[in-house]
Amino acid sequence: MKMIRTFHPVGQGAFYSEEFFDSEGNCVFRVVHDCGSLKFCGLQRNSDGTPLERKDIEGRVKRASPDGHGVDILFVSHLDDDHVNLIPCLMPFQDHQIRRVILPLLSAEERYVLTGYHLSKSRWGRISDALNGIINSPEEYFGNDAKVTFVRPADRERSPMGNEVDDEGVGVDDLQKEVPSLTKISIGNYLPDNGRVLRWHLIPYNHKPQRYSNLIDALENVFGKGFQIANLKDPDFVIRNLQVLRRCYKALPDGINRNSMALYSGPHDGACPPSTGEVTSRDFWGSCCPDQLKDYCFDCGLRRVKPFPVGVYPLFFCRPGCLYTGDLLLDDVDLTRAFGRYVRNIGMVQLPHHGSLDSFGNGDLPIERRVCVVTYGEKNQFGHPAFAVKRAVAQKAGLWVDVTETDESRFKVEYTV
């Protein structure tokens, strides 16, 4: 079985895909994880120095699935604009070929809070149709051809994944409208391999911090006990009280939008099947070193190799599993414990929140001798990625990969399992 995993260059945002192929080279299953990019992120440039326009990034998204197969599962880690606003550019979305969408479950009150949050951030008192639709009416937004599944927040009393014995999982077509975190979604039936069925699982983990109730308490203190949380969905109310709302949102520790859903994609938790990974597109590995420093940085320990040769790398690419973290705050959750024995199959990790130090926190993430990918815009105003995160990866012998807005930074790995 061949699988191609791609981290697409969309700047300060996220767009990742996994495509599975049969022996004849036909795509039999496609997964997309997030699809968005910050609209205003400094003066983004192509590698030749020419300005990079929004339409250029949108064009990359449209060309990402040219074969007409569509998207079998679209995972949305959390409802922030730079993770969803390019979904309308997906050709499968325009052709009504997204078959299933998997989202973190939100209560009605949480939807109001998120809507008000994004309205208060907007310069014009409105949010994108994609963001508004996915927050408030995802079934209507994606249409009748797509089934929507919501992942319930993780139960803190639930046993860790490593203690469970059910390896079969739930078939994609058997998913209910709501499923618990750590549900093993099996796509093995789509992945024939010489008459055998490969047990490949997609496992979402929806972590929900206790911040919404704190915000509601703060709003009631400002507006009085008669305050209705549904008011946050009203643009006129938000605009009239814009400064007050912004102060309430900013007062929350670590922000409001940290209920980010992590995702494991890889083999079942038995012995990892023999596999090889071949890098099929890459310009160079990034590092914290400026161009005039060559080969080694004594501060962070990251080596600079350019150009990075395309080829097979058994050390870092022998484990085909990947852990996607979205914008998760690592200090809030122990992903190593949550995913249990599956961790040993992880060879690649998407670092949370574009390499933010606040999200990386204590760094409790399986990054030892693993490929660590961070996606960000080169001229972003947030200081992403953080130097301390790079140093932490180097200290654990991880392999750091930058994916930015330049087309050459696309990171594409082909696995044979």
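The exercises below work through a predicted model of one protein chain.

Residues are numbered from 1 along each chain as its sequence is written, and side-chain values use heavy atoms, without hydrogens and water. In this predicted model, local features need pLDDT of at least 70 and side-chain atom pairs count only at pLDDT 80 or more, while totals for chains, interfaces and linings use all residues.

**Exercise 1. Describe the chain as a whole.**

Step 1. Count the secondary structure. The protein chain has twelve helices and 20 strands. Helices (H or I, at least four residues) and strands (E, at least two) are DSSP runs, numbered from the N terminus.

Step 2. Take burial. Of the 417 residues, 57% count as buried. Buried means under 20% relative accessible area, exposed over 50%, and partly exposed in between (1.4 Å probe, protein chains only).

Step 3. Take the surface. The chain exposes about 17700 Å², and carbon and sulfur atoms supply 48% of it. Accessible areas come from the Shrake-Rupley method with a 1.4 Å probe; for residues, only the protein chains shown count as cover.

Step 4. Take contact range. Contact means heavy atoms within 4.5 Å. Among contacts between residues at least 6 apart in sequence, 75% join residues at least 24 apart.

**Exercise 2. Work out the surroundings of Arg 30.**

Step 1. Place the residue. Arg 30 lies in strand β3, residues 27–37. Its relative accessible area is 2%, so Arg 30 is buried.

Step 2. Find the salt bridge to Glu 19. A salt bridge is a side-chain nitrogen of Lys or Arg within 4 Å of a carboxyl oxygen of Asp or Glu. The side chains of Arg 30 and Glu 19 meet in one at 2.7 Å, N to O. Glu 19 belongs to strand β2 (residues 13–21) and Arg 30 to β3, so the pair ties together parts that are eleven residues apart in sequence. Glu 19 is also buried, at 10%.

Step 3. Extend the network. Salt bridges link Glu 19, Arg 30 and Asp 67.

Step 4. Add polar contacts. These are pairs of N or O atoms within 3.5 Å; within protein, one must be able to donate a hydrogen and the other to accept it, and residues adjacent in sequence count only if both atoms are side-chain atoms. The Arg 30 side chain makes one with the side chain of Asp 67 at 3.0 Å. The Arg 30 side chain also reaches the backbone oxygen of Gly 70 at 3.0 Å.

**Exercise 3. Set two further salt bridges beside it.**

Step 1. Start from the total. The structure holds twelve salt bridges.

Step 2. Take Glu 53 and Lys 55. Their side chains meet at 3.7 Å, N to O. Glu 53 is partly exposed at 43%. Lys 55 is exposed at 56%.

Step 3. Take Glu 368 and Arg 370. Their closest N and O atoms are 3.7 Å apart. Glu 368 is partly exposed at 36%, whereas Arg 370 is buried at 7%.

**Exercise 4. Trace the pairing around β17, then the packing of α12.**

Step 1. Check burial. Five of the five residues of β17 (346–350) are buried, so the strand is largely enclosed by the rest of the structure.

Step 2. Pair the strands. Two strands pair if DSSP finds at least two bridges between them. β16 (residues 321–324) and β17 are parallel over three bridges. β17 and β18 are also parallel over three bridges.

Step 3. Follow Val 349. Its bridge partner is Leu 323. Val 349 also stands opposite Cys 372 in β18.

Step 4. Move to helix α12 (residues 387–395). Its buried residues include Val 389 and Ala 392. The buried residues of α12 pack against α11 (357–360), β18 (371–375) and β19 (399–403). Just after α12, Ala 397 takes a positive phi of about 60 degrees.
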